[in-house]
Amino acid sequence: MTVDATLPEPRGPLSETVTVALAGDPPPAASPEVVRAAEPFGEDLHLALYVCYELHYHGFDRVDPRWEWDPELLRLRRRLEDRFLPALRAVCPGGTDTETALGGLLVEDPDAYGVSHHLLDTGRWWEMREYLAHRSIYHLKEADPHAWVIPRLRGESKAALVAVEFDEFGGGRGERMHAKLFADLLDGAGLDSRYGRYLEHAPAQTLATVNLMSLFGLHRALRGALVGHFAAAEITTPPNADRMARALTRLRAGPECTRFFTEHIEADAVHEQIMRRDVIGDLLAREPELAADVVLGIQATAYLEDRLGAHLLECWRSGRTSLRRPLP
Ligand SMILES: [Fe+2]
Ligand SMILES: [Fe+2]
C-alpha cells in the first residue's frame with residue numbers, strides 16, 4: 001500500500017495547534033478555552049482529532065512517531081474527545097435495549113432515500129467519484145479501528161469478532177483485504193488510491209464517521225460502543241452495497257470497481273449475524289452493564305452516517321461539490 005502522509009492544512013486554532021506541534025515546534029498548548037469554544041461536530045475539532053488518531057495508524061511524513069504517546073498531545077486529545085463524546089450522547093436517544101436499537105436497522109424504511117438510492121437512480125459519475133473519495137478515508141484502513149477491541153474481549157465474543165476481522169483482512173490473502181478491494185475500486189474509477197490522499201478533501205461530516213471508530217476502538221472503556229458500531233455497520237451494509245454495485249454498473253464502471261461492493265453484499269449478511277448473536281450476545285452475557293454503550297455505538301453510527309448522507313445529497317442537489325475542494 002502506498003501512502004500520502006502529508007500533514008493537512010489546519011482548519012482553525014485546534015488543528016493548527018496539533019499540526020504545528022507535529023511539524024516540530026514546541027509541545028501543544030492544551031488550550032481548554034479554545035476547545036470549549038469549538039463546534040463538537042465542526043471542521044477544526046474533527047481535523048485536530050483525526051490527526052491525533054492518525055498517529056496510531058500510519059502517522060505522517062517527517063513527524064516523529066514518538067508523538068503517538070506524547071503526554072501533552074494526549075492531554076489535548078482527551079479535551080477534544082470530551083467535546084465530541086458528550087455531544088454524541090446528547091444527540092442519541094440512548095437506552096439499554098440493544099435488540100430494539102439493532103432492529104431499527106434490520107428493516108429498511110421503505111420511504112428512506114439515501115446516498116446509495118440517489119447514486120443508483122440518477123447519480124452522476126462525478127458524484128460517484130466524490131462519494132468514493134469521502135469513503136476512502138475509512139475504507140483504506142477498513143477494519144483497523146475494530147482490531148483494537150480484540151484484547152478487551154474474552155471468550156466467544158473475542159473469537160467471533162476475530163472471525164469477522166479475518167474476513168475483513170482478506171482471509172489471509174493480501175489481495176483480498178477489503179482495504180485492497182477499495183484501493184482497486186479507486187484505481188478503476190480513475191482516483192488516487194494512496195492512503196490519506198483525500199484527507200484535505202474530506203469535510204468534518206466524513207472525518208467524524210472515522211473519528212467515531214478510532215474513539216471507540218482506542219478506549220477500553222468504550223468497548224461496548226465499538227462492538228455496537230461494528231454491528232450497526234455490518235447490518236446496514238448489504239442493501240447499500242447492493243445498490244452501489246448496481247449504481248457502478250449503470251455508470252459503466254468495470255468489475256474492478258464493483259467487486260468491493262459485491263463482496264460486501266453476502267459477507268456482511270453473515271457478519272451481521274455473527275456480530276449480533278455471538279459478539280454482542282456473549283459480551284452482554286458477561287458484562288450486562290455495557291448495554292447502554294452498545295446502544296450508544298449503534299445510535300451514534302446511525303446519527304453520523306445520516307449527517308454525512310444529508311450533506312452529500314444537499315450539496316449534489318444544488319450542483320456543488322460535497323468535498324472541501326473539488327476533485328482534479
Ligand atoms: Fe468489509
Ligand atoms: Fe463486514
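These legends describe close-up views of a predicted model.

**View 1. The iron ion (ligand 2) and its protein donors.** Four residues supply the donors: E168, E234, D268 and H271. E168 gives an OE atom, and E234 is listed twice, each time through OE. D268 donates through OD and H271 through ND1. These donors lie 2.1 to 2.6 Å from the ion. Along the sequence, the donor residues follow the spacing E-x65-E-x33-D-x2-H. E168 sits in helix 9 (residues 155-168) and E234 in helix 12 (residues 223-250), so this pair links parts 66 residues apart in sequence. Both E168 and E234 are buried.

**View 2. The two iron ions, ligand 1 and ligand 2.** A distance of 3.9 Å separates the iron ion (ligand 2) from the iron ion (ligand 1). E168 coordinates both ions.

**View 3. P238 in helix 12.** P238 counts as buried, at 14% relative accessibility. Leaving aside residues up to four places away in sequence, P238 touches H264, I265, D268 and A269. One of these contacts, D268, is also a donor of the iron ion (ligand 2). A long span separates P238 from S31: 207 residues in sequence and 43 Å in space, C-alpha to C-alpha.

**View 4. Helix 1 against helix 4.** Helix 1 covers residues 13-22 and helix 4 covers residues 71-91. Their packing angle is about 160 degrees, and their axes are 12 Å apart. At that angle, helix 1 is roughly antiparallel to helix 4. The crossing of the two is left-handed. Helix 1 contributes L14, T17, V18 and L22 to the contact. Helix 4 contributes L73, L76 and L80. By class, the contact has 6 nonpolar residues, 1 polar and no charged.

**View 5. Helix 1 against helix 3.** Helix 3 spans residues 43-54. Helix 1 and helix 3 pack at about 25 degrees, with their axes 7 Å apart. The two helices are therefore roughly parallel to each other. Their crossing is left-handed. On the helix 1 side, the contact is made by P13, L14, S15, E16, V18 and L22. On the helix 3 side, D44, L45, L47, A48, V51 and C52 take part. The contact residues divide into 9 nonpolar, 1 polar and 2 charged. L14, V18 and L22 of helix 1 appear in this contact and in the one with helix 4.

**View 6. Helix 7 against helix 10.** Helix 7 runs over residues 125-139, and helix 10 over residues 178-188. The angle between them is about 155 degrees, and the axes lie 10 Å apart. That angle makes helix 7 roughly antiparallel to helix 10. Helix 7 and helix 10 cross in a left-handed sense. L132, R135, S136 and H139 represent helix 7 in the contact. They meet H178, A179, F182, L185 and L186 of helix 10. This contact has 5 nonpolar, 3 polar and 1 charged residues.

**View 7. H117 in helix 6.** Helix 6 comprises residues 115-121. H117 is buried, with a relative accessible area of 18%; the cut-off for buried is under 20%. Not counting residues up to four places away in sequence, H117 touches A112 and R243. H117 and E165 are 48 residues apart along the chain, and their C-alpha atoms are separated by 28 Å.

**View 8. R62 in the loop between helix 3 and helix 4.** R62 has a positive phi, near 60 degrees, and is a residue other than glycine. Most residues other than glycine have a negative phi. R62 is exposed, at 80% relative accessibility.

**View 9. R252 in the loop between helix 12 and helix 13.** Helix 13 covers 255-286. R252 is not a glycine, yet its phi is positive, at about 65 degrees. R252 is exposed, with a relative accessible area of 78%.

Definitions and conventions:
Residues numbered from 1 in each chain as written. Chains lettered and ligands numbered in written order. Predicted model: local features only at pLDDT ≥ 70, side-chain atom pairs only at ≥ 80, totals over all residues. Heavy atoms only, no water. Donors = N, O, S within 2.8 Å, 3.2 Å for Na, K, Ca; no water. Helix = DSSP H or I, 4+ residues; strand = E, 2+ residues; numbered from the N terminus. Buried < 20%, exposed > 50% of the residue type's maximum accessible area, 1.4 Å probe, protein only. Axes fitted to C-alpha atoms, helices over the stretch in contact; angles between N-to-C directions. Parallel < 35°, antiparallel > 145°, perpendicular 65-115°, else oblique. Left-handed = near helix turned anticlockwise from the far one by under 90°. Contact = heavy atoms within 4.5 Å. Nonpolar A, V, L, I, M, F, W, Y, C, P; charged D, E, K, R; others polar.
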